[in-house]
Amino acid sequence: MLRLVPLALLAFLAACAAPPLSVPGGGAGAPRVSVPGVSGLSKIRAPDGTQAVLALTGRGAQVFRCEQDERGWFWAFRQPEAELLDANGRVVGRHGANFSFEHQDGSRLVGQVAAFEDAPSSADLRWLLINTRSYGKGSFEGVTQVQRLATRGGMPPARCEPAQSNQLLRVDFSAEFVFFKPAPR
């Protein structure tokens with residue numbers, strides 16, 4: 001029950017923060033989707049002069065490996081492995097290594113984290129702003145930033161044990177991804 005209260009509050013604040021923005025759902029003839037305003041929720045923003053053009057939900061796992069450094073044993077992040085779903089729950093792409101995104105239409109993105117902030121719960125992945133380079137024609141063509149918000153899960157335990165050395169751990173997560181392009185002038 002306590003877990004539901006922060007999520008309900010997050011949803012309420014998202015609805016109140018700014019009016020929803022209707023953007024294409026990806027591809028010709030695709031339904032339009034509503035992107036919640038997040039101005040009151042996140043300090044990180046896509047740059048001025050950009051506009052949201054697509055919103056997808058990511059569901060999958062964050063992959064970690066048990067490693068050691070001078071402070072001890074820990075779960076080191078390796079990569080995400082997630083499906084990207086449209087507003088109707090259909091799988092339209094994948095999210096993977098190097099903050100990459102690949103749409104079923106063949107367009108793809110490779111990104112680098114530009115900014116982050118902690119999620120409201122320490123059990124949830126950080127919220128990110130990712131600068132991207134796009135490749136190919138399609139839904140991701142021309143996308144320059146992706147914002148990861150409303151994360152749920154994805155964080156490993158704080159420590160691993162020497163007996164787990166080099167073992168992989170997959171931690172389930174979900175997140176909302178909003179894709180941005182430069183606004184037309």
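Start by selecting Gln 145: this residue is buried, at a relative accessible area of 9% (buried is under 20% relative accessible area, exposed over 50%, partly exposed in between, using a 1.4 Å probe and protein chains only). Keep in mind that you are looking at a predicted model, where local features need pLDDT of at least 70, side-chain atom pairs count only at pLDDT 80 or more, and totals for chains, interfaces and linings use all residues. Residues are numbered from 1 along each chain as its sequence is written, and side-chain values use heavy atoms, with hydrogens and water left out.

Gln 145 belongs to strand β9, residues 145-153 (strands are DSSP runs of E with at least two residues, helices are runs of H or I with at least four, and both are numbered from the N terminus). Now add Asn 131: its side chain makes a polar contact of 3.4 Å with that of Gln 145. Here a polar contact is a pair of N or O atoms within 3.5 Å; within protein, one must be able to donate a hydrogen and the other to accept it, and residues adjacent in sequence count only if both atoms are side-chain atoms. Show the surroundings too: beyond four places in sequence, Gln 145 has contacts that include Pro 47, Thr 50, Leu 129 and Phe 180 (contact means heavy atoms within 4.5 Å).

Keep Thr 50 on screen and pick Pro 182, in strand β10, residues 168-182. The C-alpha atoms of Pro 182 and Thr 50 are separated by 4.1 Å, though the two residues are 132 apart along the chain. Pro 182 is partly exposed, with a relative accessible area of 49%. Not counting residues up to four places away, Pro 182 touches Gly 49, Thr 50, Gly 142 and Thr 144.

Next, colour residues 91-96, strand β5. This strand pairs with β4 in the antiparallel sense over four bridges (two strands pair if DSSP finds at least two bridges between them). Look for Leu 85, which stands opposite Val 91 in β5. The β4-β5 hairpin has five residues between its strands, and Gly 89 in the turn has a positive phi of about 85°.

Follow β5 onward to β6, residues 100-103: these two strands run antiparallel, joined by four bridges. His 95 has Phe 101 as its bridge partner in β6. This hairpin has three residues between the strands, with Asn 98 in the turn at a positive phi of about 60°.

Stay in β6 and select His 103. That side of the tour goes inside again: His 103 is buried, with a relative accessible area of 6%. Leaving aside neighbours within four places, His 103 is in contact with Val 92, Gly 93, Ser 139 and Phe 140.

For the next stop, select Phe 64, Leu 125, Arg 126, Met 155 and Pro 156, which lie nearest the centre of the largest pocket among its 22 lining residues. β3 (50-69), β4 (72-85) and β7 (108-117) are the elements giving two or more residues to that lining, and β4 has the largest share, three residues.

Finally, zoom out to the whole chain. There are one helix and ten strands, with the helix coming ahead of the strands in the sequence pattern. Of the 185 residues, 39% count as buried. Among contacts between residues at least 6 apart in sequence, 58% join residues at least 24 apart.

Methods:
1 Å grid on protein atoms, 1.4 Å probe; cavity = no way out; pocket = protein on both sides within 12 Å on 5 of 7 lines; lining within 4 Å.
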